[in-house]
Amino acid sequence: MTDLFLFRNDLRLRDNPGLAYHAEASALLCVYIHEPVRPWCNTLGPGTQRKRFLQESLVHLQQQLRSLGQELLVLEGDSRRLLPDLLEGFGIQRLGMAESAGVYEQRLFEDLRQRLDIPVVAHRGNTLFSNRQLENLLPELPPHYTPFRQAVAGTSHDPAQAQPILPPPPGGVQAATLVPEASAPNPAFIVRGGQLQGERRLHDWLSRERAIDHYRETRNQLEGLYASSALSPWLANGCLSVRTVADAVSDYESRHGVSDSSEHFRSELLWREFFYWRAHREGYHLFRPGGAGGKRQMCCFEPRSFARWCAGDTDYPLVNALMHQLVECGWMSNRGRQIAASCLVNEMGVDWRFGAAFFEKHLLDYDVASNYANWQYIAGVGADPRGGRHFDLEKQTALYDPDGVFIGRWGGKRPKQPKHVVDAADWPIETPTAPLP
Ligand code: FAD
């Protein structure tokens, strides 16, 4: 049997259930497809750093596959049009890919399943738990995080799988050798894509630096390579599986003991899990202004406010510094993201989806479920029982950058400006019903 495995956000060989499943075929064609980018909320396509990280991950994956006598074919275009040609050209009898929380990715899978006359299989590889382990929970998936965490407390995940032995590619595969993007990581946040780099980071953060011991105290810092794990870029691109990370933490705990910090770290992995399953269920609602509840929101789209926020040119130095950091590094800490998101939603009154789209463009760790669900949470249309988060920006600045070091480093201050005024010409306000005096 000749299979095709379509890599998506699972760019690794180790603990990749889909790849392991198709490794049983007699020949295997490994493919990655860059889908066409479509404009969304005034943004188009990935930013420089996100593109770089993805390309590094693909280069590394191709090298790994070649060292095992395999190949990686990377194509650009619409999978719906490219795959049928590949299936025919290589006599493929079965197609597999990782399942995604994203509604567009799910729709692609469904389309292929219906159109193609060979089995098309989706594999779960980027979550801690499988459908089977959550089968009692999924029909009534809790709307909020705490009941979800309580419900999965006694559930243990399957251990991470070893790297499979792969069959050869079918005859006639000619794949161009991938080369990294010309851009380099910003010196302030040097992370590179690929499974090996992800495993190194996990080892350095956990075993070498033992930084998990102070995770609880430092995780909210705006900067610091060991303040939090910074594993999200590899988790989001699938260079590392979340089970590999969870197993490494269990191993660490068995040697050094369970601590408040290690438990807190685990609870963050569960946030990721929770948002994945919610997104999977909510489909298009993840992108609706009012979320799944269809909550009405007082906001609109004012292009100048959005442009100023994107450019780091707001009235808030801390937000400006954060936005510069995001664009230059493809990175922002969790607290930074909360502050920047709260500013856009609460101070500038812009539709949260525009902010989410800008994060999607730039974050190295962009993940459809975690990004859109966290934005919904801040905007008060998501899984937050408190109905939204409004951060006091002055207080946050005093707490997390009391001496202005972060603001100074990332050029957060802007020269004094005339007051920004919005008038009826560009603000869709209601026309007054009574004549003005
Ligand atoms: P750590 O603090 O070390 O946590 C370990 C892991 O737990 C992370 O790598 C991540 O996989 C998971 N995690 C931690 N916090 C969260 C959270 N709030 N929600 C979901 N998972 C979490 N995370 C993404 O992976 N991709 C995104 O696109 C994304 N967009 C976000 C947008 C906004 C507005 C906000 C407020 C948060 C967003 N997050 C996103 C969540 C969080 O900010 C990042 O996961 C975290 O900052 C990554 O840093 P870390 O790996 O050092 O995390």
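Student: How many helices and strands make up the secondary structure of the protein?

Tutor: Happy to start there! This is a predicted model, and its secondary structure comes to 17 helices and five strands.

Student: What makes the protein as compact as a globular protein of its length?

Tutor: Set the two values side by side. The radius of gyration is 23 Å, and the globule rule gives 22 Å for 437 residues; these are close, so the protein is as compact as a globular protein of that length. Along the principal axes, its C-alpha trace spans about 80 × 55 × 50 Å, and buried residues make up 54% of the 437.

Student: How do you know that C41 is in no disulfide?

Tutor: A disulfide needs two cysteine sulfur atoms within 2.5 Å. The closest cysteine sulfur to that of C41 is in C310, 11 Å away, which is too far for a bond. The structure as a whole holds zero disulfides. C343 is in none either, with the sulfur of C310, its nearest, 11 Å away.

Student: Why is C343 called buried?

Tutor: The cut-off for buried is under 20% relative accessible area. C343 has 0%, so it counts as buried. C41, at 12%, is buried too.

Student: What describes the packing of α12 and α13?

Tutor: Two packed helices are described by the angle between their axes and the distance between the axes. Here, α12 (residues 317-329) and α13 (residues 334-347) pack at about 115°, with axes 10 Å apart. The crossing is left-handed. L318, V319, L322 and M323 of α12 meet G336, I339, A340 and C343 of α13. Of these contact residues, seven are nonpolar, one is polar and none is charged.

Technical notes. Residues numbered from 1 in each chain as written. Predicted model: local features only at pLDDT ≥ 70, side-chain atom pairs only at ≥ 80, totals over all residues. Heavy atoms only, no water. Axes fitted to C-alpha atoms, helices over the stretch in contact; angles between N-to-C directions. Helix = DSSP H or I, 4+ residues; strand = E, 2+ residues; numbered from the N terminus. Left-handed = near helix turned anticlockwise from the far one by under 90°. Contact = heavy atoms within 4.5 Å. Nonpolar A, V, L, I, M, F, W, Y, C, P; charged D, E, K, R; others polar. Buried < 20%, exposed > 50% of the residue type's maximum accessible area, 1.4 Å probe, protein only. Rg over C-alpha atoms; globule rule 2.2 N^0.38 Å.
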